[in-house]
Structures are given as C-alpha cells and as structure tokens.
Amino acid sequence: MKKMARSIFLSIALLLTTMSTAQKSIHPTFFMTNERIEDVKQRINKDTSTQKGWIAMKEKADQLMERWDIKQMSYLAMAYRMTGDKKY
C-alpha cells in the first residue's frame with residue numbers, strides 16, 4: 001500500500017508537471033493551481049486506478065497526522081489541496 005501511494009503520488013505529480021507551462025523553473029507554490037487540483041479530482045472520478053491511488057495517498061496522509069514526519073509533508077499538502085480539510 002505504501003509503494004502504491006508513493007507511485008500514485010509521483011504519477012499525479014508527473015501529470016501536473018506535464019500540464020505546467022513551458023517554463024524551465026516554476027516555484028512549487030504555483031505547481032498545484034486550483035485548475036490542476038480540479039483536473040486531478042475529475043481524473044479520480046473517471047479512473048479507478050487513479051482513485052485507488054488517491055485513497056492510498058489520503059490514508060498515508062491520515063497516518064502522518066498521528067506521527068509527524070517532515071519528510072512526508074507532500075502527502076499532507078496534497079491531501080489538504082484535494083480535500084480542503086484544515087486538519088492536514
């Protein structure tokens with residue numbers, strides 16, 4: 001499950017990277033725009049493997065809420081952007 005969540009996270013990140021502008025350097029803050037978040041949400045609703053990956057990623061974020069690990073902060077950031085839940 002851990003490998004699957006990591007794999008899906010990287011897949012979503014790669015998807016968003018390919019959707020970015022042609023700029024060589026882009027600040028991480030601008031990486032996850034509202035439009036990109038909505039696109040990922042739509043893909044989750046349409047594709048079962050992406051949906052399973054999102055569920056695994058969110059479960060990982062929920063686990064991190066119990067034991068904080070700064071190295072895994074990307075899971076929390078993605079969970080917050082996808083759900084809007086302030087607990088992340």
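This briefing walks through the fold, two of the helices, the salt bridges and a surface patch of the structure above.

The model is predicted, so local features need pLDDT of at least 70 and side-chain atom pairs count only at pLDDT 80 or more, while totals for chains, interfaces and linings use all residues. Residues are numbered from 1 along each chain as its sequence is written, and side-chain values use heavy atoms, with hydrogens and water left out. The chain has 4 helices and 0 strands, where helices (H or I, at least four residues) and strands (E, at least two) are DSSP runs numbered from the N terminus.

**Overall picture**

- Along the sequence, the pattern reads α-α-α-α.
- The chain has 88 residues, and 31% of them count as buried; here buried means under 20% relative accessible area, exposed over 50%, and partly exposed in between (1.4 Å probe, protein chains only).
- About 6300 Å² of the chain is exposed, with carbon and sulfur atoms supplying 55% of that area. Accessible areas come from the Shrake-Rupley method with a 1.4 Å probe, and for residues only the protein chains shown count as cover.
- Among contacts in the chain with a separation of 6 or more, 58% come from residues 24 or more positions apart; a contact means heavy atoms within 4.5 Å.

**Helix H3 and its two sides**

- Helix H3 covers residues 48–66, which is 19 residues, and its first and last C-alpha atoms are 28 Å apart, close to the 27 Å expected at 1.5 Å a residue. The expected span is 1.5 Å times one less than the number of residues.
- The buried residues of H3 are Thr50, Gly53, Trp54, Ala56, Met57, Lys60, Ala61 and Leu64. They lie on the same side of H3 because they cover an arc of only 165° around the axis, the arc being that of the directions from the helix axis to the C-beta atoms.
- Turned away from that buried side is a face of H3 with the exposed residues Thr48, Lys52 and Glu66.

**Trp54 and its contacts**

- Trp54 belongs to helix H3, and it counts as buried because its relative accessibility is 12%.
- Leaving aside neighbours within four places in sequence, Trp54 is in contact with Ile8, Ile44, Met78, Ala79, Met82 and Thr83.
- For one of these partners, Ala79, the C-alpha to C-alpha distance from Trp54 is 8.9 Å, with their positions 25 residues apart in sequence.

**Helix H4**

- Tyr75, Leu76, Met78, Ala79 and Met82 are the buried residues of H4. They too sit on one side of their helix, because their arc around the axis of H4 is only 165°.
- Gly84, just after H4, takes a positive phi of about 75°.

**Salt bridges**

- Side chains of opposite charge can pair when their charged atoms come close.
- The whole structure holds 4 salt bridges, each defined as a side-chain nitrogen of Lys or Arg within 4 Å of a carboxyl oxygen of Asp or Glu.
- Lys41 and Glu38 form one of them, at 3.7 Å from N to O. These two residues are 3 residues apart in helix H2 (residues 34–46), so about one helical turn separates them.
- Lys41 is partly exposed at 28% relative accessibility, and Glu38 is partly exposed at 41%.
- Asp62 pairs with Lys58, their closest N and O atoms being 3.5 Å apart. Both residues lie in helix H3, 4 residues apart, about one turn of the helix.
- Asp62 is partly exposed at 24% relative accessibility, and Lys58 is partly exposed at 26%.
- Asp62 also forms a salt bridge with Lys87, with 3.4 Å between the closest N and O atoms. This pair links distant parts of the chain, as Asp62 is in helix H3 and Lys87 is in the segment after H4, 25 residues apart.
- Lys87 is partly exposed, with a relative accessible area of 42%.
- Through shared partners, salt bridges join Lys58, Asp62 and Lys87 into one network.

**A nonpolar surface patch**

- Trp68, Ile70 and Met73 make up a nonpolar patch on the surface, with about 360 Å² of accessible area together. Patches are made of residues with over 30% relative accessible area and no salt bridge, with like charges joined within 9 Å and nonpolar side chains (Val, Leu, Ile, Met, Phe, Trp, Tyr) within 5 Å.
- Met73 is placed in helix H4 (residues 73–83), and its relative accessibility of 42% makes it partly exposed.
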